[in-house]
Amino acid sequence: MPLVSFHDVEKTYRSLQGVDYPAVEHFSVEIEVGEFFCLLGPSGCGKTTVLKMLAGFEAPTAGQIVMDGRPVTGASRDRGVVFQGDDSLYGWLTAVENVEFGLRMRHVRKAERRERAMHYLELVGLMSQERKYPAELSGGMKQRIQIARVLANEPKMLLMDEPFAALDAQTRSLMQIELANIWQTTRTTVLFITHDIDEAVTLGKRIGVMRAGPRSQVKGVVEVALHGARSRTDDVFLQYYKHVYEMIRDEVAKSIARAGAP
């Protein structure tokens, strides 16, 4: 049985003028336990909407989302969210205190939460930075703290909304490698939102390609049979890239055309 199932999910928003906007419609997909699933699509296709519904931040208009055999009806620590920016970190707390924050809210004993926080800081390669404040850290380091903070709560699933989008190309590439290593170690189930084909092929075990919005849904799912470190110059990597590119090319064109329509 999959860990997560979207069953014919729909999400419609209503504007202040009373106009309905159907962001996603007939959205159905399954994510297996321990899987790294990338959801890829053009801007405005509803990727983040899907993540918010799974996180429990928003309710579907129709259909059902099931996790671990139970309907998703709200937020839960079973689903940890890593956001795109670093503004979710608390500037007055050190790196280790930020990682401890969720554990402190759950009244975990001080010694235990410090031990767990240090473990996850070591996992993300920041053991020597534990006493620094967010303002003293680079963008990549801040994102590592966010990941460590989520993992410290030991969720069943990690939800990541384009977490590396604001980083420079070199740092982004390094963070992708770091995340792949973390996933190999923890095998936490991941839903990773991206609009970058290269990133999806680098990280994903499966890639769900979405149609252009509105009324977006899954166009198809690509199984990525690559193991270990993934080289962007490898012939098989390039074949997957081309396959996904061909799937999404028309959707990007539709998205651009709709954005420019009067």
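Let's start at Ile197, which sits in helix α6, a run covering residues 197-203. Keep in mind that we're looking at a predicted model. Ile197 counts as buried because its relative accessibility is 11%, below the 20% cut-off. What does Ile197 touch, once residues up to four places away in sequence are set aside? The list is Leu40, Tyr241, Val244, Tyr245 and Ile248. Take Tyr245 from that list: it is 48 residues from Ile197 in sequence, yet the C-alpha to C-alpha separation is 6.9 Å.

Now for the sheets. One of them is an open sheet of six strands, and reading across it you get β6-β7-β8-β3-β9-β10, with mixed pairing. At the edges are β6 and β10 (218-223), each of which pairs on one side only. Going from one strand to its neighbour, the average turn is 20 degrees if you ignore direction.

Walk in from the β6 end. Strand β6 takes in residues 79-82, and both of its faces are covered: Arg79 and Val81 are buried on one side, Gly80 and Val82 on the other. Its partner is β7 (residues 157-161); the two run parallel and are joined by four bridges. If you want a spot to check by eye, look at Val82, which stands opposite Met160 in β7. One step further on, β7 pairs with β8 (residues 189-194), again in the parallel sense, this time over five bridges. Here Leu158 stands opposite Val190 of β8.

What packs on this sheet? Helix α4, residues 139-152, touches β6 and β7, and its direction makes about 175 degrees with that of β6. Helix α1 lies across β3 (36-40), β6, β7, β8 and β9 (206-210), running at about 150 degrees to β7.

Stay with α4 for a moment, since Gln146 lies in that helix. Is Gln146 buried or exposed? Buried, because its relative accessible area is just 1%. Its side chain does have a polar partner, though: a 2.7 Å contact joins it to the side chain of Ser88.

The other sheet is also open, with four strands in the order β2-β1-β4-β5 and antiparallel pairing. Here β2 (20-31) and β5 (70-71) stand at the edges with a single partner strand each, so one side of each has no neighbour in the sheet. Further in, β1 (residues 4-14) and β4 (residues 62-67) pair antiparallel over five bridges. Within that pairing, Phe6 has Ile65 of β4 as its bridge partner. Helix α1, residues 47-55, turns up again: it packs on this sheet too, touching β1, β2 and β4, and its direction makes about 115 degrees with that of β1.

Last, the cysteines. How many disulfides does a search of the whole structure find? Zero. Cys38 is in no disulfide, and the nearest cysteine sulfur to it belongs to Cys45, 13 Å away. Seen from the other end, the closest cysteine sulfur to that of Cys45 is in Cys38, and at 13 Å it is too far for a bond; the cut-off for a disulfide is 2.5 Å. As for their surroundings, Cys38 is buried, with a relative accessible area of 0%, and Cys45 is buried with a value of 0%.

Definitions and conventions
Residues numbered from 1 in each chain as written. Predicted model: local features only at pLDDT ≥ 70, side-chain atom pairs only at ≥ 80, totals over all residues. Heavy atoms only, no water. Buried < 20%, exposed > 50% of the residue type's maximum accessible area, 1.4 Å probe, protein only. Contact = heavy atoms within 4.5 Å. Pairing = 2+ DSSP bridges. Axes fitted to C-alpha atoms, helices over the stretch in contact; angles between N-to-C directions. Polar contact = N/O pair within 3.5 Å; in protein donor to acceptor, adjacent residues only side chain to side chain.
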